[in-house]
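I opened my notebook to look up how two chains meet. Come along if this structure is new to you too.

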Amino acid sequence: MNLITQNQMNRLQLLTKMLFLFIFILSTQAGRAQNQKITLVGTDLTLRSAFNQIEKQTQMTIDYEDFSLDPNKKISGTVSTDKLGDVMTQLLKETNCNYIIRGSHIVITSRPKISKGISGTITDEKGIAMIGVSVLVKGTQNGTITDVNGKFMLDNVNSPSTLTVSYIGYLSKSIAIGGKTKIDIILAEDTKALDEVVVVGYGTQKKINLTGSVGTVSAKDLENRPITQASQALAGLASGVTVSQGSGRPGADGSDIKIRGLGTFSGAGTSPLVLIDGLAGDINDVDPNAIKSISVLKDAASASIYGTRAANGVILIETKRGEKGKLQVSYNNYVGWQKVTELPQFLDSWEYATLKGGYTDAQIAKYKDGSDPDNYPNVPHLKNLLSTGSGFQTSHNLNFSGGDENNSYLFSLGYLDQNYVVAKDKFEQYNLGLNFDSKIKENLRLKVDLKGYSRNTNEPRSTGDMNAMIGFAVREPNTIAGKKSDGTWGYQDDYAPEAWMSSESFTNNRSKNFLGGMELSWELIKGLTLSGKAGYKYNNYTNKWYQSTFVFDANKTYGPNSLNVNSGDNSLLTLQSLLQYNKKIGKHNFTVLAGYSQESYKEEWNQASRDNFPNDALYELNAGAMTNMQAYGSGSEWALRSYFGRINYDFDGKYLFEANARYDGTSRFPKNNRWGLFPSVSAGWRISEEPFLKENASWINNMKLRVSWGKLGNQNISSYPYQFVLGTGYNYTFGGTLASGIKLAQLPNTDVRWETTAVSDIGLDFSILKDQLSMTIDYFNKTTNDILYPKSVSMVLGLGTAEYNAGEVNNKGFEVVLNYHTYIGKVKIGVSPNFSYIKNKVVKLGDGLQQDIGKGLFVGQPIGAIYGYVADGLFKNDADIASYASQPYTPYVGGGSIRYKDISGPDGVPDGKVDATYDRKVIGCTTPKYSYGATLTADYKGFDFSLLLQGLGGYQEQMGSYMAFAFYNGGNIQRWQADGAWTTANPNPNAVYPKITGGVNMSEYPTSTFFMKNASFLRVKNLQVGYTIPKGITKKFKLDNLRIFYSGQNLFSFNHFYTGWDPEMYQNTGDSPSFSPITAINTFGVNIRF
Amino acid sequence: MKNKYFNSIIPKIWIVLVLLGVVNSGCNDNLFDKQPLDSVSDATFWKTESDATLALSGCYRSRNKDWGEWTSDDFWTPWSLVQMDIMAGNGAEKEGNPDKITDGTLNSTNGMISDYWGHSYKRITACNNFLEHIDQITMDASKKSIMVAEVRTIRAFEYFNMAFYFGDVPLIQKVLTVGEANSVTRAPRADVWAFAETELKESAAALPLTRPDAENGRITEGAALAILGRLQMAEQKWTAAVATYKTIIDNNTYIIDPKFRELFWEANEQNKEFILTSQYKEDVYQQVVLQFIYPEMFNGWHQFSPYNELVKDFECTDGKTIDVSPLYDKNNPYNNRDPRLDASVLIPDRGKFRGVTYTTNPTSGDADKFGKYPVWSGYCISKFMDEGFNGNLMNYGGNWPIIRYAEVLLSYLESKLESGATIDQTLLDQTINKVRGRAAVNMPAVTITDPTELRKIVRRERRVEFAWEGLRYYDILRWGIAADVLNGTYHGMKLTNDPANYTTYPVDAEGYFVMGKTRAFKKGVNELWPIPQSERDINKNLTQNTGY
């Protein structure tokens, strides 16, 4: 069976199931149930017998809350066929009881003394109508939300009753109705924000009491954005966090996240630790729709409770949970189309032939007139390839949530379908989640989180991955044909995107992920809680690469066909216990936390391949020949055990202290270096609580000074760095028979230990103008020591090397977050910009080494330094060449080649000779210094608008290979190169491109300022315009809320990079051109809630 | 109901959690006891003979375990050896990489040079590690001493080459620490060669003359001596070289195979002419050079293009060079030539493979059409194109000769000649005439004994006999003629017999395609390769060769 069809079927089945569940839940809705037809049979019926019949006919059960009802009461009058609602009303007419429908239960309740309707309008302090405010009759399920005009209406309200009115960001209000039928309510903004709670390590804390540096992002900032991977979500939203998306490849288009700069240059990496509902995972494992909040723990005070993995900061993600109340169903979707953000432009074939040389005028004319497209074509390979796909993307997300006093749940289903701009490239993801909370007893609580996804990526394939095909489409000149009229294909070596796209070759990657956790917490005595948690993360994957046989033309056939299957799984088991104690003695508040956790990880993989399949429609190994079958497999393990604790103390909410410590042991280090202690301390002073400020500067709503210091670790290196191992598989053949061989391939470091990062932070939070304007400023100084570093070793060693604790890196910087909201007329406006500046510096490389050119590391320079020659324009002519310092590369005769500066020489002064030893220096840096973002929102009546800007600045990128050099290795030429090149007619020494010659070798263009560009950019990351349909209309469809919106991602960017190339996209400067352009997307969608 | 269920089960779960979490935490430290799951620990290795055999294979194996032959640039692998002939000016490479070594632009950041350096030290380290540990193993002493001699020979071959191409190089005889590796100094070339010479002599004495079929490919006495001969010739120790080569000849273990074209095919990979080989096997340890060699019309990449300067050196069938032979027809220059021409160079409209004629017509749709790449000469390599192989060109299992007996005979003659000994017809018949007289070549016997004339003949014979086998660069460097032969304009195929009226492509007076001045060997500089800049960036003790 065709693969695509199989996928479509799977999807169809899942959609059907989702629909079925949807209908099922709808049918249990009270509204529908009431309209069900009932026929009561018999005479002289009692209530009991009538109820029995109703139970039978409706499949519902009748429960009693009011036991005063006499079931043997005879029914007076006649009841025959009618709607259930009317039947029940009729039956209970002469009783003191009423009924309500809860799910599949008809509950007999006490009849209220007086029942009436109540309506009103809810406005804010400025008198502006508030939409979506929740209004609930206290102690009942009877509730509603306000419409676009701020109006609400409730029926069947008993008297006396109290209304509870609540809205996020506003102080909740309880109002006794008394005898009124109309009531207008004004809600005050929760200006003090006193109750705002932030998720921190192993718990939550009131934001007002935080002494560490924690950035937060809420679900509201992420809603309805066409985010395909959760890692993209943080871009532009949090200060101190640098987010960049290097690839648009569906399924692999996540962003790279760095918190407070690059702390290390080691294999331990700069990725933050991510915990999803308290369990370690990959940020892209979580469905962006499921995120309730993201906390970014930036300093050591907040992160040190995660010890040896926290050096790069910690990201805590909490997923949405159910809330008590009636069942709420919400459905969100969007559909949209992607296109590449930037596309380089290449020369037409006749222009190519003219510039390249070696073509006769007659041939060039043929290219131009297009009369013989088979032999003299003009095919823009890259542009064509990047428009073969629809770019269609859609997402559907369905949530069911609800609960009662003791239990609540949220069940979610999601589907994402992402088609790339290259045909046959499709990524699909199904998500499923269930969060369940239960108060088993007054002092015993259960929390369960289950999350899973299934992913399926299909890609076309050439001799390599799709992104290699895109890379080589850059290389192919327009003079090479695509499909010819006789059905054969044009090609350059093995590169022929059109041909490969039509072949049966494919990549299919499938993975399934499960993350589940269960936590029980038991309040032993008041204030003392013991909890245990077990979590399990499991991931498995099967990747298939199929390479078909393919006939390009009579001369070239690719084959034999082959299949490569790679599958594996990995699991992480977490066990954790916590003991927490809260105590208040007078004005002294204490919280003490002690905990234990252990994690063990194991992964295994297998890979197998065969070739010579009988045809190109069989994609299982057994169908292939056994002659060239291969199998590989391996695995690895690590384990971590930790003890940790925290003490919080505050005096009168004014003076805040916190201390954390974690004691970690890891299998990755030898016994004597196995355990490490990671402490931190922090303090806060809420100046605004001091009488002198309260009395003299009451316009200051909040002002808090924070200081912190702590130590963190990074153990994220290979699993067995300290063990001497001999690699297998170094086989050889003797006498025609394979002889197994082994070899010492790596020199281990028997004394390896973790990297240690110390962070100091000083911060100020304040808000003024009744909290309309709030601001957080942080300055930090972060130093990483003992950096695990596979330092450059001379090849004379003949071995790979393990990592050594050698280096030191420092990051200093500051972060500012502003929040301002106000009204302009009746338009609510919000502006929240953030800005971070980070100065990164390599302090030490070990062994007194001042530079490691091979790794681009230089003491005193940032990580990611670019080292090369300084270009001094282009040579004008022979005389210029002769009079200038001698060059390391032979310049073209007559000028036009790059002129590199003579910086120094053996005696420390220019020596008239440009060479690699004395004339290269640090010329730039690929690590951004600035990252910034801003959110702008505006709401007016039903309309809402939001704009998210994101930018990175203060860094450079080099381009190389086919992207930067015209005619490189048989490659193409871009418009900017042709138009900007040095020519003999116009020997401009400042031309943007050197003289164009027929063939280019990489070594002629070594790393230099010439091919380096400022890569800073400012991007309109997201633009959203929505409209909430007025309640009056939505109510007709029995919906609580209906919003339609447009949302666009990556819409525009401002930059000074190479024409046609997006600076955010990752490109290799080496001779390896793989890449997948990032995309912009325009989407339209709806949010429905009922 | 619900609550009842939870009431019963939850406390149990809770107990389990607490037990796992708190109680279990105190004791068992085997949580941290994690060992590699797919590698052999050094602690348990180096015990038995089979461990020695495993480690021995690791010394022969040149490449990363997962990549087969897919990286080039060392002194053992086919792709590298063909590229060394390109450096020597026998032809051009499509991406111009080996050409760069001798076109005047060679500098210390050249990637190929640093690969030769790195790959050599990788193998040297494998050998050093073997030699450091072999004594720990209890096994048959004679088997052990043979293994040791093999590994010492492999290492000596690396050192001979390293010192030949780089001059002074670090001479490493044990597994270094990082600190040592980063501070080593260069040993004088003479010391390195003296070391290699001793190693080879001692090894030769310990090695067997021949091997059983199952051990074919393992180093023999002949191989160690043939390497020694190359070294002695490079040192111009002619008398010593004569003695070394004479030992090989007198041992009477090798022959000149009557075949020539087929000699380089997989079917004949085990034959008595091959002395030192790199060994391959389809599907399990493949070589990839065929992918590079074959023209595009036979699914190759047509990576290499022979120059006409090589073609011209093949004599006519009468044994005379083309400038004097009456058999030479300048309008049909490829007729009546040494059969080794067609067996080495694929000539358009003439060379055949699997019955199909190789064509390069620029106006047709030919895959190899002339002019498709500016560096294409029209010629392609025909040597090693294996009629018997129909598989994937990157999955070829044919062994590759590094040293053949033909080299021993020609080197013996050259050493005799250069040592000043008188040359007689008997010597010629025992050496050069055996090589050119093999049945498949059958060129007339050489009868000239005049040293000056004979020197020219021997040198020409080496060029045509060993084309594409990686020997030419060694030869022109030690003859000191690199600057002379690697300087000037190079040519491709014959495009016209009427050059005066031909305008499509540039041609010379005889109608051969002019490829331009593609080499500019810097005399006094390029005789040695530069020490890689990346190495000098790390190790300040490494000096640079003159001129870089």
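Before anything else, I noted that two strands count as paired if DSSP finds at least two bridges between them. I also kept in mind that this is a predicted model.

**Entry: the strand pair.** I looked up which strands meet across the chains. Strand E37 of chain A, residues 725-728, is joined to E1(B) by two bridges. The two strands run antiparallel. Then I asked myself: what is the bridge partner of A:Leu726 in E1(B)? I found B:Val40 there.

**Entry: the extent of the interface.** I read that the size of an interface is often given as the accessible area lost when the parts come together. For chain B and chain A, I found about 8100 Å² buried between them, with 58% of it on carbon and sulfur atoms. I also looked up the residues in contact: 97 of chain B and 93 of chain A.

**Entry: charged and polar links.** How many salt bridges does the rule find across the interface of chain B and chain A? I noted two. B:Asp537 forms a salt bridge with A:Arg920, and their closest N and O atoms are 3.5 Å apart. For polar contact, I wrote down 16 residue pairs between the chains, counting those with both residues at pLDDT 80 or more.

**Entry: the side of chain B that touches chain A.** I listed elements that each supply at least two residues to this side, among them helix H2 (49-60), helix H4 (111-133) and helix H19 (533-538). The largest share, nine residues, comes from H1(B). By type, I noted 39 nonpolar, 36 polar and 22 charged residues on this side.

Key
Residues are numbered from 1 along each chain as its sequence is written. Chains are lettered from A and ligands numbered from 1 in the order in which they are written. This is a predicted model: local features need pLDDT of at least 70, side-chain atom pairs count only at pLDDT 80 or more; totals for chains, interfaces and linings use all residues. Side-chain values use heavy atoms; hydrogens and water are left out. Contact means heavy atoms within 4.5 Å. Buried area is the accessible area (1.4 Å probe) that two parts lose on being put together, summed over both. A salt bridge is a side-chain nitrogen of Lys or Arg within 4 Å of a carboxyl oxygen of Asp or Glu. A polar contact is a pair of N or O atoms within 3.5 Å; within protein, one must be able to donate a hydrogen and the other to accept it, and residues adjacent in sequence count only if both atoms are side-chain atoms. Helices (H or I, at least four residues) and strands (E, at least two) are DSSP runs, numbered from the N terminus. Ala, Val, Leu, Ile, Met, Phe, Trp, Tyr, Cys and Pro count as nonpolar, Asp, Glu, Lys and Arg as charged, and the others, Gly among them, as polar.
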